[in-house]
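Trainee: Hey, got a minute to walk me through this one? I'd like to start with the charged side chains.
Mentor: Sure, let's pull it up.

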Amino acid sequence: MTTFIVLLGPPGVGKGTQAEILARSTNLAHISSGDLFRENLKNQTDLGKLAKSYMDKGELVPDDVTIKMIRDRLKRDDCKSGAILDGFPRTPAQADALEKTLAEFSGQVDKVPYITAAEDILIERTGGRFTCRASGHIYHETFNPPVKVGVCDIDGSELYQRDDDKKETVTKRIRVYLEQTMPLVEYYRTRGKLVEINGDQAVEQVTQKLLAALKT
Ligand code: AP5
């Protein structure tokens, strides 16, 4: 028996924040496509360098390389009981590939919480975001500040601001989301997997709604 959850929603709505919390409370692996690209970039791999050229422009990394990266990640042992997917799939081709990959492990996408918030909130959240250099833990200067400025509470590593969190890049990412990822709302709604969650609430309230939705 496996459980695969896809967190869907625009840039900055809180997918990563919630995925981290849900992974801890469900013991499922947390797979973030953005974190995997950033890890590759940190390690200066070819994939990282390729991904950066798209990420800096706020565009999606091509489907073929993204799908291969996630397929490889899903084959790791920590995904045997399932995973929380954060940032993947982002196009119908990626969603089809995920369905095929999970079928190989006799799995399927079980639920797709679709987290929403207005554009001004997304800009405010990404504008104040700080991310931990070592493991990608997420903070916000106002809504979720670290105990010590610039230092991750969990592993003590440096906090930094993502290059793609500049306002103009975030605006582009939102446009790309609307054009290329929004079709997945209908994709998963027609398959009976979609659950809408209002992301314009405090982190704890969003978590409560998500946990309730995952139980139904
Ligand atoms: P990725 O890293 O996936 O970015 P994203 O989807 O745009 O989402 P974000 O990480 O910006 O936001 P989030 O929803 O996780 O919000 P968070 O929890 O951090 O992708 C980056 C790039 O990589 C893409 O542009 C693309 O180039 C490439 N890429 C990645 N996946 C790809 C794919 N599948 N295909 C092709 N290309 C891909 O929260 C944001 C802030 O708000 C934080 O500061 C947080 O503390 C705060 N916050 C969270 N929740 C709340 C709340 N309820 N109230 C107040 N503050 C909150």
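Mentor: Let's begin with Asp-120, which is exposed, with a relative accessible area of 56%. Keep in mind that this is a predicted model.

Trainee: Okay. Which helix does Asp-120 lie in?
Mentor: Asp-120 is part of helix α6, which covers residues 119-127.

Trainee: And which residues gather with Asp-120 in a patch of negative charge?
Mentor: Glu-119, Glu-124 and Asp-200 join Asp-120 in that patch on the surface.

Trainee: Switching to pairs now. How many salt bridges does the structure hold?
Mentor: There are 17 salt bridges in the structure. In general, side chains of opposite charge can pair when their charged atoms come close.

Trainee: Show me one. What does Arg-38 form a salt bridge with?
Mentor: Its partner is Asp-35, and the closest N and O atoms are 2.9 Å apart.

Trainee: Where do Arg-38 and Asp-35 sit relative to each other?
Mentor: Both are in helix α2 (residues 33-42), and because they are three residues apart there, about one helical turn separates them.

Trainee: Is Arg-38 buried or exposed?
Mentor: Arg-38 counts as buried, at 17% relative accessibility, because the cut-off for buried is under 20%. Asp-35 counts as partly exposed, at 24%.

Trainee: Got another pair? Which residue does Asp-78 bridge to?
Mentor: Asp-78 forms a salt bridge with Arg-73, with 2.7 Å between the closest N and O atoms. Arg-73 is buried, its relative accessible area being 9%, while Asp-78 counts as partly exposed at 41%.

Trainee: Nice. What about Arg-129, which side chain does it meet in a salt bridge?
Mentor: That would be Asp-165, at 2.8 Å from N to O. Arg-129 lies in strand β5 (residues 129-132) and Asp-165 in the loop between β7 (159-160) and α7 (167-181), so the pair ties together parts that are 36 residues apart in sequence.

Trainee: Are those two buried or exposed?
Mentor: Arg-129 is buried, with a relative accessible area of 12%. Asp-165 is buried too, with a relative accessible area of 10%.

Trainee: Last thing: which residues are linked with Arg-129 and Asp-165 in a network of salt bridges?
Mentor: Arg-162, Asp-164 and Arg-173 are linked with them in that network.

Trainee: Let me say it back. Asp-120 belongs to a surface patch of negative charge, and Arg-129 belongs to a salt-bridge network.
Mentor: Yep, and Asp-120 is exposed, whereas Arg-129 is buried.

How values were computed: Residues numbered from 1 in each chain as written. Predicted model: local features only at pLDDT ≥ 70, side-chain atom pairs only at ≥ 80, totals over all residues. Heavy atoms only, no water. Patch = residues over 30% accessible without salt bridge, like charges linked within 9 Å, V, L, I, M, F, W, Y side chains within 5 Å. Areas by Shrake-Rupley, 256 points an atom, 1.4 Å probe, with all protein chains shown as cover. Salt bridge = Lys/Arg side-chain N within 4 Å of Asp/Glu carboxyl O. Lys, Arg positive; Asp, Glu negative; His and termini not counted. Charge placed at Lys NZ, Arg CZ, Asp CG, Glu CD. Helix = DSSP H or I, 4+ residues; strand = E, 2+ residues; numbered from the N terminus. Buried < 20%, exposed > 50% of the residue type's maximum accessible area, 1.4 Å probe, protein only.
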